[in-house]
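Open the model in your viewer and keep the selection panel at hand. Each stop below gives a selection and says what is there.

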2 protein chains.
Amino acid sequence: MSASDLTPEEPDPATLDRVFAALADPVRRAILRRLDGRDLLVSELAEPFAISLQAVSRHIQVLVRAGLVTQERTGRISRCRLDAGPIYQAAVWVNHYSKYWQAQFDTLAVWLDEIERRKPAASPTAARPRLKRARRA
Amino acid sequence: MSASDLTPEEPDPATLDRVFAALADPVRRAILRRLDGRDLLVSELAEPFAISLQAVSRHIQVLVRAGLVTQERTGRISRCRLDAGPIYQAAVWVNHYSKYWQAQFDTLAVWLDEIERRKPAASPTAARPRLKRARRA
DNA sequence: CCCATATTCAACCGCATGCTTGATTATCAA
DNA sequence: TTGATAATCAAGCATGCGGTTGAATATGGG
């Protein structure tokens with residue numbers, strides 16, 4: 001899908017700043033992963049981490065400010081829900097460069113096909129080795 | 001490193017940290033955009049920005065440390081080249097959530113269809129903006 | 001050689017981040 | 001009312017970031 005179909009060419013830079021900055025932390029990424037498909041309380045969210053509850057609470061606030069999480073308070077509990085909307089903007093941005101790794105993979109695929117073609121009757125059970133992601137030279 | 005490198009479940013967190021952090025700055029994103037398709041010198045890269053050359057040089061170093069830019073020095077000049085490889089890891093991460101915005105667009109499409117259906121003979125020239133349907137994962 | 005050019009290094013400043021511990025607010029339950 | 005629970009607020013600390021200016025390091029050209 002073309003990026004211009006549903007979003008402007010360059011979305012709000014400040015939004016992109018906040019989203020990418022929010023994603024630049026392993027705890028926050030793990031929080032988003034845990035919110036994938038279910039809503040969780042702050043304390044439930046904090047449980048697997050080796051840091052204080054307060055620290056997790058602040059991580060959640062960072063995610064809220066980035067628009068990636070919404071909180072709905074009922075009584076003393078606060079249920080956290082994922083909002084993947086802003087991630088879409090990040091996805092549009094990074095996917096602009098997909099041509100590069102696709103070209104890389106296409107080249108690799110052609111190369112592997114070439115190897116396959118030169119092989120003198122490979123064993124039928126031995127599948128072709130999986131494509132390893134090309135590390136930069 | 002295994003076969004899962006192509007579509008890694010969880011790539012190296014530190015790499016992801018550096019890549020997302022590098023993308024969380026408008027100057028660095030603009031640098032990457034300007035390097036899309038051509039290599040540029042540091043001074044050429046710095047030209048459109050209202051900050052000092054030293055500041056741009058440090059931004060480039062951040063991008064180099066994130067693996068997004070490589071520098072080839074010949075003499076006193078330093079030619080900068082984009083390496084989109086690490087962006088692929090970021091793309092894999094964010095595209096994991098594509099199901100959400102695709103669902104959103106599907107919902108929007110259904111909603112627009114509903115409106116269309118209730119309209120009593122819409123004007124022929126004013127076409128409803130076409131919504132490209134996102135591919136179902 | 002002499003000087004301009006290209007880039008980086010170094011020191012500094014202001015501010016944000018990530019974590020801690022302790023206090024506070026608010027709610028539920030006995 | 002009393003007390004436990006859920007979550008946030010607040011202060012403090014170490015670290016890192018983004019910007020500046022000034023100096024240093026090559027390198028190329030006259």
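The tour goes from a sheet in chain A to the DNA strands. Note that this is a predicted model.

**Stop 1: the sheet of chain A**

Select strands E1, E2 and E3 of chain A. They form an open, antiparallel sheet in the order E1-E3-E2. Which strands are at the edges? Strand E1 (40-41) and strand E2 (69-74) of chain A are the edge strands, and each pairs on one side only. As background, strands of a sheet pair through backbone hydrogen bonds.

Now keep E2(A) and strand E3 (residues 77-82) of chain A. Six bridges join this antiparallel pair. Pick Val69(A), and look across to Leu82(A), its bridge partner in E3(A). Then pick Thr74(A), which stands opposite Ile77(A) in E3(A).

**Stop 2: the hairpin turn**

Go to the link between E2(A) and E3(A). How many residues lie between the strands of this hairpin? There are two. Check the backbone torsions of Gly75(A): its phi is positive, near 70 degrees.

**Stop 3: the helix across the strands**

Add helix H4 (residues 53-65) of chain A. H4 lies across E2 and E3 of chain A. The angle between H4 and E2(A) is about 115 degrees.

**Stop 4: DNA strand D**

Show DNA strand D and the residues around it. There are 21 of them. Ser43(A), Ser57(A), Arg76(A), Gln54(B) and His59(B) come nearest. Both protein chains appear in that list.

Three polar pairs are worth a distance label:

- Arg76(A): a polar side-chain atom lies 2.7 Å from a base oxygen of DNA strand D.
- Ser78(A): a backbone N or O atom lies 3.1 Å from a phosphate oxygen of DNA strand D.
- Ser52(B): a polar side-chain atom lies 2.8 Å from a phosphate oxygen of DNA strand D.

Colour by element of secondary structure next. Helix H3 (42-46), H4, E2 and E3 of chain A each give two or more residues to the surface near DNA strand D, as does helix H4 (53-65) of chain B. Which of them gives the most? H4(B) does, with four residues.

Recolour by residue class. This surface has five nonpolar, 10 polar and six charged residues. Then turn to the DNA side. Of the atoms of DNA strand D within 4 Å of the protein, 65% belong to sugar or phosphate, and the rest to bases.

**Stop 5: DNA strand C**

Swap to DNA strand C. It is surrounded by 22 residues. Gln54(A), His59(A), Ser43(B), Ser57(B) and Arg76(B) are the closest.

Label three more pairs:

- His59(A): a side-chain N or O atom is 2.4 Å from a phosphate oxygen of DNA strand C.
- Arg76(B): a side-chain N or O atom is 2.7 Å from a base oxygen of DNA strand C.
- Ser78(B): a backbone N or O atom lies 3.2 Å from a phosphate oxygen of DNA strand C.

The elements that supply two or more residues here are H4 of chain A with helix H3 (42-46), H4, strand E2 (69-74) and strand E3 (77-82) of chain B. By class, the surface near DNA strand C has six nonpolar, 10 polar and six charged residues. Of the strand C atoms within 4 Å of the protein, 60% are sugar or phosphate, and the rest belong to bases.

**Stop 6: Ser57(B)**

Finish on Ser57(B), found in helix H4 of chain B. Is Ser57(B) buried or partly exposed? Its relative accessibility is 26%, so Ser57(B) counts as partly exposed. Last, measure to Val42(B): the C-alpha atoms are 6.7 Å apart, with the two positions 15 residues apart in sequence numbering.

Methods:
Residues are numbered from 1 along each chain as its sequence is written. Chains are lettered from A and ligands numbered from 1 in the order in which they are written. This is a predicted model: local features need pLDDT of at least 70, side-chain atom pairs count only at pLDDT 80 or more; totals for chains, interfaces and linings use all residues. Side-chain values use heavy atoms; hydrogens and water are left out. Two strands pair if DSSP finds at least two bridges between them. Contact means heavy atoms within 4.5 Å. Axes are lines fitted to C-alpha atoms, for helices over the stretch in contact, and angles run from 0 to 180 degrees between N-to-C directions. A residue is near a molecule or strand if one of its heavy atoms lies within 4 Å of it. A polar contact is a pair of N or O atoms within 3.5 Å; within protein, one must be able to donate a hydrogen and the other to accept it, and residues adjacent in sequence count only if both atoms are side-chain atoms. Ala, Val, Leu, Ile, Met, Phe, Trp, Tyr, Cys and Pro count as nonpolar, Asp, Glu, Lys and Arg as charged, and the others, Gly among them, as polar. Buried means under 20% relative accessible area, exposed over 50%, partly exposed in between (1.4 Å probe, protein chains only).
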